[in-house]
Structures are given as C-alpha cells and as structure tokens.
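The following exercises concern the fold and the ligand surroundings of one protein. Each task is followed by a worked solution.

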Amino acid sequence: MLASQTFGALPIRNDDVDWDTWPVQDYLAENYRELHPADAEVIAHHAELYRKLAPGSIAQSVEFGAGPNLYPLMLAASACRRVDAVDAGAANVAYLTGQLRHGPDASWQPFYALCRRHVPNLPATLPEALSRVRVIHGDVRGLPSGRYGLASMHFVAEGATEDFTEFTEFCRLFARCAVPGGHLVAAFMENMPTYRIGRASRWPGCPVDPDAVREVFAPLTEWLSVTRINADPTLPDYGDSGMVLMTGRTPSPPGRYG
Ligand SMILES: C[S@@+](CC[C@H](N)C(=O)[O-])C[C@H]1O[C@@H](n2cnc3c(N)ncnc32)[C@H](O)[C@@H]1O
C-alpha cells in the first residue's frame, strides 16, 4: 500500500499502489454510511441524464473503478440491462459480491429512495436494481474499446494516481470503452491531493478542477457538460474543494445523430 512506499520526488502512479488493501469499511464509514448532501447533488445531476434514457435501452454499462459505492450502480440500473462493476481491489470486489449475494446494507436504502425519486422508472426494490450488476475483479485499463453503451466513473481517474499524465490516460481509457455515441457520466474530487482514509492509510490524489476536466474530455466527447459543487462540510476533509461533475457522449459515427 502507498503508505509503506516512498518514491522520492516521483509522483505515485497506479501500479505503485496495492489496491487489494483498499480500506472498505473505513471508506464506507467516512463517505457512504449516510446520504450526505454532496451525494444528493451528484445523484440529482446524474438523474438528469438517466431520466432521458428509456428503461433497458442500453445493453451494457460499466462502472469504471466501482469501489464499494452502490449509488452509481443504482442509477445505471434504470437504463441498462447489465451493469459491469469493475474494480482492481480484492476487498472492494468482496464487498460488492456480498451486497449482491446477501442483500444490500440497510444504509443504502436512503440512496435508493432518492435515486427512485429522481428516476421513477427504477425497479421497485434495490435488490431488483442490483440484479443487473455483474462484479468484475480487474484492471479498468484492460477493458476493451467500444463495448459499453454507457460508461460511468466516480472519483477514480484523479484518485488512482498522483500523475496528471496518467489521470489523462485514465480518462481517455474511460471514454474509449464506450461505443461511438455512448454516454459518459462522471464525478471527480476537485483539487484533491494525496489523502488519508481512516487513521493510517494514504492514497494518491491528482488535483484537478473543471478546466482540467474540460480540457481532457473536450477532444474525447460531444455534448460535453462540466459543472461543480462546493465541498460538503459533513464529509471528511480530504483537502479537496468540492466535486466536478460531467456528462458527455463519445463522438458518433459519421452520419449518425441523436
Ligand atoms: C477513490 S476510490 C473510488 C471508489 C468508488 N468509485 C466511489 O465512488 O467511491 C478509487 C477506486 O479505483 C479503484 N482502482 C484504482 N485503480 C484501478 C485500476 N487500474 N483498475 C480498476 N480499479 C482501479 C480502486 O480500487 C478504488 O476502488
């Protein structure tokens, strides 16, 4: 894990980190055991996209670096017949698999209620929505290009490296795994440096802002929308200044619109 590694002045890169040791319970306790105002804003933002998509209209979507966060998977279930939740970390994969097999923790119910309020065509129950999810233990950098009708990413490209060039590469690979004309939806921590979860563990952060996200995604997308929200005082102070939210579409094949 990052805490035990020092590379002098060199930025920490994705392969320098042991993602299997992601501190799932500390991360959940700090971020997702209750519905924070920032989550509600992210859900409201993304719901604008999901409301426009007919139920089941997308064969497959991906959650790029899913971690133990269920709310992006809930939203995707409104439009997607299958949702691939891909993560490199064994502890995250074990948590997600348990949530699907034994039922979601009760703490996710308020998230689902809010998702359904914004996207009423979601299934009646959270387990029904999650039945569309398939958990994949793997490296998102190895995903095939052009597979997914929708690609979703939350706090991954800027939370997977300290190196801005590698951040850009994660974003490029994220966009690349969507079909031409596919939907992209993402959230980034704004200006977040390397940070701590729990008492000891340290994880890489690459500070980015709306301009950086716009600059990286402009050549990769059409219909790009980038916005931001302020830091939420009910969340831990990871040194960030809020969140950057984006939607866009990968360029359509020539002659195809909509
Ligand atoms: C800051 S966490 C975000 C987790 C989650 N998406 C969320 O919304 O809370 C970053 C996640 O990226 C995953 N990750 C980092 N590098 C990865 C890679 N190369 N392939 C797949 N997952 C990766 C980590 O295991 C971790 O779950």
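**Exercise 1.** Determine how the residues of the shell around the ligand divide into nonpolar, polar and charged.

*Solution.* In this predicted model, the shell comprises 9 nonpolar, 8 polar and 3 charged residues. Step two is to place names on the shell: 20 residues surround the ligand, and the closest are Gly 65, Gly 67, Gly 89, His 154 and Gly 159.

**Exercise 2.** Assess the overall fold: which secondary structure does the protein have, and how does its radius of gyration stand against the globule rule?

*Solution.* First, the secondary structure consists of 8 helices and 9 strands. Next, the radius of gyration is 17 Å, close to the 18 Å given by the globule rule for 258 residues, so the protein is as compact as a globular protein of that length. Along the principal axes, the C-alpha atoms fill a box of roughly 50 × 45 × 30 Å. Finally, 45% of the 258 residues count as buried, and of the contacts with a separation of 6 or more, 74% are between residues 24 or more positions apart.

**Exercise 3.** Characterise the surroundings of strand S4 (residues 148–154).

*Solution.* Begin with burial: 6 of the 7 residues of S4 are buried, which leaves the strand mostly covered. Then consider its pairing. Strand S1 (residues 58–64) runs parallel to S4 and is joined to it by 3 bridges; strand S5 (residues 178–190) also runs parallel to S4, with 6 bridges. Leu 150 of S4 is the bridge partner of Ser 61 and stands opposite His 183 in S5. Lastly, follow the connection: S4, helix H7 (residues 164–176) and S5 form a β-α-β unit that is right-handed.

Definitions and conventions:
Residues numbered from 1 in each chain as written. Predicted model: local features only at pLDDT ≥ 70, side-chain atom pairs only at ≥ 80, totals over all residues. Near = placed C-beta within 6 Å. Nonpolar A, V, L, I, M, F, W, Y, C, P; charged D, E, K, R; others polar. Helix = DSSP H or I, 4+ residues; strand = E, 2+ residues; numbered from the N terminus. Rg over C-alpha atoms; globule rule 2.2 N^0.38 Å. Buried ≥ 20, exposed ≤ 12 C-beta atoms within 10 Å, placed from the backbone. Contact = placed C-beta atoms within 7 Å. Pairing = 2+ DSSP bridges. Right-handed = clockwise from strand over helix to strand, strands pointing away.
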